[in-house]
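Trainee: Could we go through this one together, starting wherever you like and jumping around a bit?
Mentor: Gladly; let us have it in front of us before we begin.

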There are 2 protein chains.
Amino acid sequence: MKKYMEMNKEELLKEKTLLDKQYTEFKSKGIKLTMARGLPCEEQLQLALPMLDVLNSKSDCHDASGMDCRNFGGLQGISEARKLFGAYMGVIPEEMFIAGSSSLTFMFQCLSNAFLAGVYGGEKPWKAYKKIKFLCPVPGYDRHFAMCEFLGIEMINVPLHDDGPEMDQVEKLVKEDDNIKGIWCVPKYSNPSGVVYSDAVVRRLAALKPKAKDFRIFWDNAYNVHYIYKDRPLLNILDECKKAGNPNMVYMFASTSKFTIPGAGVAFLAASKENVDFLSKQMGAQAISWDKMNMLRHVRFLKNMDGIKTLMKKHADILRPRFDASLETLEHGLSSVGVGSWTHPDGGYFITFKAKGCAKRIVELCKEAGVTMTGAGSTHPYHKDPEDAYIRIAPSFPGVQDIRVALNLFCVAARIATIEKLLK
Amino acid sequence: MKKYMEMNKEELLKEKTLLDKQYTEFKSKGIKLTMARGLPCEEQLQLALPMLDVLNSKSDCHDASGMDCRNFGGLQGISEARKLFGAYMGVIPEEMFIAGSSSLTFMFQCLSNAFLAGVYGGEKPWKAYKKIKFLCPVPGYDRHFAMCEFLGIEMINVPLHDDGPEMDQVEKLVKEDDNIKGIWCVPKYSNPSGVVYSDAVVRRLAALKPKAKDFRIFWDNAYNVHYIYKDRPLLNILDECKKAGNPNMVYMFASTSKFTIPGAGVAFLAASKENVDFLSKQMGAQAISWDKMNMLRHVRFLKNMDGIKTLMKKHADILRPRFDASLETLEHGLSSVGVGSWTHPDGGYFITFKAKGCAKRIVELCKEAGVTMTGAGSTHPYHKDPEDAYIRIAPSFPGVQDIRVALNLFCVAARIATIEKLLK
């Protein structure tokens with residue numbers, strides 16, 4: 001078939017008539033599907049159910065250090081959780097802080113503590129500065145941006161390439177402006193574009209020489225073991241920061257939400273011992289301890305790194321057909337007419353679709369026919385995608401059949417929106 | 001025996017020689033006990049263990065509304081938790097927000113959200129004011145004060161009487177000063193003095209006319225059903241606020257930490273629907289959802305208000321002998337010589353000891369002989385007890401025998417410190 005770019009007006013109008021008919025048929029079907037958020041699906045949720053049998057009324061609920069997990073105390077988490085998740089993060093237990101059930105909430109707590117009371121080695125709280133800024137590689141994660149917006153932190157877009165953020169720009173900006181206090185990174189199978197930061201990018205990030213002495217890399221390693229097609233390596237940025245003389249420059253976050261039970265998992269931070277101790281002191285004014293029973297439940301279920309890897313292979317096996325179906329449907333529906341482009345991630349939870357100048361219109365057309373996509377613009381700070389290009393596709397939750405239905409509609413919508421734009 | 005106040009110098013010196021000998025004997029015993037924090041004891045912890053059997057790998061994990069508790073979402077909590085804990089708080093489900101495992105952490109989140117982004121109906125965030133102040137009835141809870149200190153909120157002491165805070169002073173202060181944005185209250189079996197606010201005090205609090213339109217009563221009803229000797233009534237302050245035309249003036253907090261598993265319970269807020277919706281919007285930038293599995297586990301274990309009451313009777317039966325032993329030991333060791341005074345609480349977790357001018361010295365003497373008490377001064381903002389009088393005694397955790405040992409030492413310490421003071 002001819003690419004739309006090569007069609008004349010008449011051909012486009014003819015094609016649009018056909019597509020409008022298909023679209024009307026979709027609308028008449030009463031579809032109600034969502035591909036909006038990165039929710040694990042039913043089969044994935046079932047993988048963790050045996051964890052619910054791990055602790056019962058007969059269980060010994062003391063941790064390896066003898067602490068009673070049934071009582072208050074132990075702000076930094078139970079010892080076997082610091083050990084296991086430390087191994088997961090590539091750090092020693094003293095560099096771990098195990099928190100509540102949500103890494104997002106803990107990220108916010110770290111961010112707002114920096115804002116309210118400063119970070120280790122900082123001169124004063126971030127709130128004492130007239131203006132605070134964060135670098136935001138785009139496309140990125142909407143919930144990171146929402147936190148900055150809540151705190152009134154100005155966000156600066158930085159392009160995210162296949163190997164990570166545009167480092168020339170990052171280096172230049174942080175060197176010049178001491179109001180830039182941080183950068184958001186999802187370094188592996190990034191949300192939403194699925195890129196993995198290269199060794200060179202990780203090393204350049206670790207070796208940054210920010211003008212702000214209280215600069216922090218917020219390293220949201222949410223998808224560390226969440227491969228689907230290929231387990232890609234990622235350098236340990238804390239190691240690299242130490243080598244570069246910046247041991248305190250990074251906060252690494254992760255959680256078990258997408259190993260076990262989303263929202264009822266265990267979240268954690270890895271950072272230098274100085275950062276962990278400083279944060280613990282701040283947290284002491286805000287918490288007595290987090291849910292140590294759930295930490296115990298998790299560690300006894302996951303056991304060790306092999307346990308995590310075995311579990312994650314099962315997740316990959318469940319997600320792969322969903323990604324296969326998504327990629328096939330996009331390929332089949334759009335390639336021949338040259339509409340849009342999309343990522344082929346090795347892991348993570350998302351495919352990013354790029355359709356210059358008509359993302360909003362595509363999402364709107366999907367919505368009207370019963371398929372909810374993540375709002376166009378969500379991939380950018382302030383929901384402002386200057387190119388109106390990016391759409392995040394989340395194939396994890398629906399079944400393969402539903403994915404085909406939803407993305408077939410998506411393809412029709414993308415084709416209509418593209419023609420509308422060409423005809424303008 | 002003669003009261004110390006009535007003894008002459010010679011008699012006091014003679015008594016002190018005897019006491020010093022007793023104290024030395026205590027020291028030689030190598031005691032290591034703590035009566036510092038309100039930790040439930042082993043027998044109490046066992047009461048909740050059957051809760052660990054409630055959810056297993058075969059359980060249906062959907063809430064009453066059909067929401068899957070195993071996945072993300074449901075920021076305000078699962079429907080049966082909002083219903084049950086709503087009944088517990090005396091409000092409708094729409095007036096409930098179910099949060100993580102710690103009411104303290106959630107209080108901090110509400111406080112810091114007010115600070116960072118304001119409250120419902122407020123003109124601007126509290127941080128936009130030059131100076132923010134909170135009223136702190138004293139003696140009070142050290143962790144409330146620590147939160148204010150963390151946020152740089154100035155604390156103003158207000159005397160706490162047997163029926164609640166000194167209301168003339170509270171009314172006058174909030175009417176005059178719009179920098180006063182809140183008051184901390186533990187209205188029932190207050191921490192640490194065990195008082196229960198009278199109906200009159202609750203009504204006066206609810207009818208406050210603060211100059212600050214964004215004033216909030218932080219109502220930490222931690223011990224609502226935690227009677228030991230007598231279940232005392234407490235007016236529902238949200239009802240009273242509504243009657244007084246102040247429906248949005250109160251945030252009521254509580255948790256199951258001292259029903260079930262401390263630190264692994266369920267925390268919640270009750271407030272006007274306007275407050276709940278406003279807070280939910282703020283929280284939306286900080287959290288996806290809290291641990292709904294733990295909510296489900298709790299509701300299925302506790303079942304209903306009768307379930308809570310039955311459980312709390314068992315707690316009372318376990319705590320009563322500990323409070324009996326504490327009160328008997330104090331009575332036996334101190335009454336005849338007229339040293340100090342102490343509360344006789346009907347419920348809660350604490351006895352407050354008052355020894356004008358030598359609280360620090362008593363705690364120090366106890367510490368040196370192996371018994372840790374809550375630090376003197378902890379009952380007051382900035383750890384500054386102007387009378388050096390208050391000591392919080394926490395009898396819940398140790399066994400009856402240990403309590404007798406610890407408090408016998410405490411009595412000796414209190415007698416020595418009192419004589420030292422009289423001899424000065």
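Trainee: How many bridges join strand β11 of chain B to β13(B)?
Mentor: Bearing in mind that this is a predicted model, four bridges link β11, residues 351-354 of chain B, to β13(B), and the two strands run antiparallel. Within that pair, I351(B) has I393(B) of β13(B) standing opposite.

Trainee: And what order do the strands of that sheet in chain B take?
Mentor: The sheet is an open one of three strands, in the order β10-β11-β13 of chain B, with antiparallel pairing. Its edges are β10, covering 341-342, and β13, covering 390-393, each of which pairs on one side only.

Trainee: Switching to the interface, how many residues of chain B are in contact with chain A?
Mentor: On the chain B side there are 42 residues, in contact with 42 residues of chain A. The elements giving two or more residues to that side of chain B are α4 (103-117), α5 (142-151) and α10 (292-302), and α4(B) gives the most, with six residues.

Trainee: What's the chemical make-up of that side of chain B?
Mentor: The residues of chain B that touch chain A divide into 24 nonpolar, 13 polar and five charged.

Trainee: How are the two copies related, then?
Mentor: Chain B superposes on chain A after a rotation of 180° with 0.0 Å of shift along the axis, at an RMSD of 0.0 Å, and the copies are thus related as by a two-fold rotation axis. In addition, 100% of the interface residues of chain B are also interface residues in chain A, so the copies meet through the same surface.

Trainee: New topic: is helix α1(A) largely buried or in the open?
Mentor: Just one of the 20 residues of α1(A) is buried, so the helix lies largely in the open. It comprises residues 9-28 of chain A, and from first C-alpha to last α1 reaches 28 Å, close to the 28 Å expected at 1.5 Å a residue. After α1(A) comes G30(A), whose phi is positive, near 65°.

Trainee: What about chain A as a whole, how compact is it?
Mentor: Chain A contains 13 helices and 13 strands, and its radius of gyration is 23 Å, close to the 22 Å that the globule rule gives for 424 residues, so chain A is as compact as a globular protein of that length. Its C-alpha atoms fill a box of roughly 75 × 55 × 35 Å along the principal axes, and 55% of the 424 residues count as buried.

Conventions. Residues numbered from 1 in each chain as written. Chains lettered and ligands numbered in written order. Predicted model: local features only at pLDDT ≥ 70, side-chain atom pairs only at ≥ 80, totals over all residues. Pairing = 2+ DSSP bridges. Contact = placed C-beta atoms within 7 Å. Nonpolar A, V, L, I, M, F, W, Y, C, P; charged D, E, K, R; others polar. Least-squares fit on C-alpha atoms with pLDDT ≥ 70 in both. Expected span 1.5 Å × (residues − 1). Buried ≥ 20, exposed ≤ 12 C-beta atoms within 10 Å, placed from the backbone. Rg over C-alpha atoms; globule rule 2.2 N^0.38 Å.
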